[in-house]
Number of protein chains: 2
Amino acid sequence: MKISTKGRYALRVMTDLAMNNDGNYISLKDIAKRQGISIKYLEQIVALLNKAGYLQTARGNNGGYKLNKKPEEYIVGDILRATEGDLAPIVCLSEKGGCKERNLCKSYSFWEGLDKAVNDYIDSKTLADLIQ
Amino acid sequence: MKISTKGRYALRVMTDLAMNNDGNYISLKDIAKRQGISIKYLEQIVALLNKAGYLQTARGNNGGYKLNKKPEEYIVGDILRATEGDLAPIVCLSEKGGCKERNLCKSYSFWEGLDKAVNDYIDSKTLADLIQ
DNA sequence: TGCAATTCCTACCATTTTAGTAGTATAATG
DNA sequence: CATTATACTACTAAAATGGTAGGAATTGCA
């Protein structure tokens, strides 16, 4: 029941981009320095955020990343799901069509409820909530 | 962000014990058969539950396990914490004395909130809620 | 033109965690 | 004293985690 570094670092990258936004692109080198995370590992995390369409990017000299939208328009849950993958607490909830034994399983609706509690919370926060 | 088999099976063992309780001890052999889990693996899970004081046990012939208390007196959160270990979503929250950078970290209170959301939910359910 | 800075993409790897299996000792019962 | 059961400990294969590494593609600037 742990969030991995991917999700945690992703939030740090996004808050870093939000807080240091001056209109220019921000390089991973700068973010890595501020956050104390290796550039090479950040590349992989940013790739996920980028694939999800959360960033504007520019390659080459003076290139880097910046946010696409205003901080209050980023749902934290979206960021976490994009980097952590599915946050469902157990496999049964992720299976397409649902677990076949859901009607027999006494725990199923409990896990459903936990899943909902988690998602309700992370979807109630935006990037703006974090940086203030 | 997954619950492991330890926690999931633990809940199944507890519900099995609750539902099949006729006053006699219930052997792992029976539980294993009903639940489709190997006896040997169940031994390890039950050991955790036992260490937490949730069970009455009897060795030898006709031995086995039974619940200590009424189903409604078992908090699901307690069962999960006993078998999964700490459910805090990130390491910072588990560190004794708290994360040293908590005042600098923009995400800290977000993770605290997630931890609370999870624990509030799992502590609001009892074994009785599951078996009905 | 060419070099430096940067993202992009993919492969690799050590360590830890997960999900068990296995063996043996200990205890109780009939 | 054989059978049935828990108790304890060691081992292990496979997967996930948390990175490192190398090189290709792109862009800005001197």
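## Helix α1 of chain B, salt bridges and the DNA surface

Let us start in chain B, where Gly7(B), Arg8(B), Tyr9(B), Ala10(B), Leu11(B), Val13(B), Met14(B), Thr15(B), Asp16(B), Leu17(B) and Ala18(B) are the buried residues of α1(B). Buried here stands for under 20% relative accessible area, exposed for over 50%, and partly exposed for anything in between, with a 1.4 Å probe and protein chains only. The helix is mostly covered, as 11 of its 15 residues are buried. Helices (H or I, at least four residues) and strands (E, at least two) are DSSP runs, numbered from the N terminus.

This is a predicted model, in which local features need pLDDT of at least 70 and side-chain atom pairs count only at pLDDT 80 or more, while totals for chains, interfaces and linings use all residues. Residues are numbered from 1 along each chain as its sequence is written, chains are lettered from A and ligands numbered from 1 in the order in which they are written, and side-chain values use heavy atoms, with hydrogens and water left out.

How does the length of α1(B) work out? At 1.5 Å a residue, its 15 residues should span 21 Å, and the end C-alpha atoms are 20 Å apart, which agrees. The expected span is 1.5 Å times one less than the number of residues in the helix.

### Salt bridges

A salt bridge is counted when a side-chain nitrogen of Lys or Arg lies within 4 Å of a carboxyl oxygen of Asp or Glu. Over all chains, the count comes to 10 salt bridges. Three of them are set out here.

| Pair | N to O distance |
|---|---|
| Asp78(A) and Arg81(A) | 3.0 Å |
| Arg81(A) and Asp123(A) | 2.7 Å |
| Arg34(B) and Asp16(B) | 2.8 Å |

In chain A, a network of salt bridges links Asp78(A), Arg81(A) and Asp123(A). Asp78(A) and Arg81(A) are 3 residues apart in helix α4 (residues 76-84) of chain A, so about one helical turn separates them. Asp78(A) is partly exposed at 30% relative accessibility, and Arg81(A) is partly exposed too, with a relative accessible area of 28%. The salt bridge between Arg81(A) and Asp123(A) reaches from helix α4 of chain A to the loop between α6 (108-122) and α7 (127-131) of chain A, so it ties together parts that are 42 residues apart in sequence. Asp123(A) is partly exposed, at 33% relative accessibility.

In chain B, the salt bridge between Arg34(B) and Asp16(B) links distant parts of the chain: Arg34(B) sits in helix α2 (residues 28-35) and Asp16(B) in helix α1 (residues 5-19), 18 residues apart. Is each partner buried or partly exposed? Arg34(B) is partly exposed, with a relative accessible area of 43%, whereas Asp16(B) is buried at 3% relative accessibility.

### Two buried residues

Ile45(A) has its place in helix α3 (residues 39-51) of chain A and is buried, with a relative accessible area of 0%. Leaving aside neighbours within four places in sequence, Ile45(A) is in contact (heavy atoms within 4.5 Å) with Lys6(A), Tyr9(A), Ala10(A) and Thr83(A).

Over in chain B, Thr83(B) belongs to helix α4 (residues 76-84) and is buried at a relative accessible area of 7%. With neighbours within four places in sequence again left aside, Thr83(B) is in contact with Lys6(B), Gly7(B), Ala10(B), Leu48(B) and Leu49(B). Between Thr83(B) and Arg59(B) there are 22 Å in space, C-alpha to C-alpha, and 24 residues in sequence.

### Around DNA strand D

Which residues come nearest to DNA strand D? Of the 26 residues around the strand, these are Ser38(A), Lys40(A), Gln44(A), Glu43(B) and Tyr65(B); a residue is near a strand if one of its heavy atoms lies within 4 Å of it. By class, the surface near DNA strand D has 5 nonpolar, 15 polar and 6 charged residues. In this scheme Ala, Val, Leu, Ile, Met, Phe, Trp, Tyr, Cys and Pro count as nonpolar, Asp, Glu, Lys and Arg as charged, and the others, Gly among them, as polar.

On the DNA side, 63% of the strand D atoms within 4 Å of the protein belong to sugar or phosphate and the rest to bases. A backbone N or O atom of Thr5(A) lies 3.0 Å from a phosphate oxygen of DNA strand D. For Asn61(A), a backbone N or O atom is 3.1 Å from a base oxygen of the strand, and for Arg59(B) a polar side-chain atom is 3.3 Å from a base oxygen. Among the elements, α3(B) gives the most to the surface near DNA strand D, with 4 residues.

How values were computed:
Polar contact = N/O pair within 3.5 Å; in protein donor to acceptor, adjacent residues only side chain to side chain.
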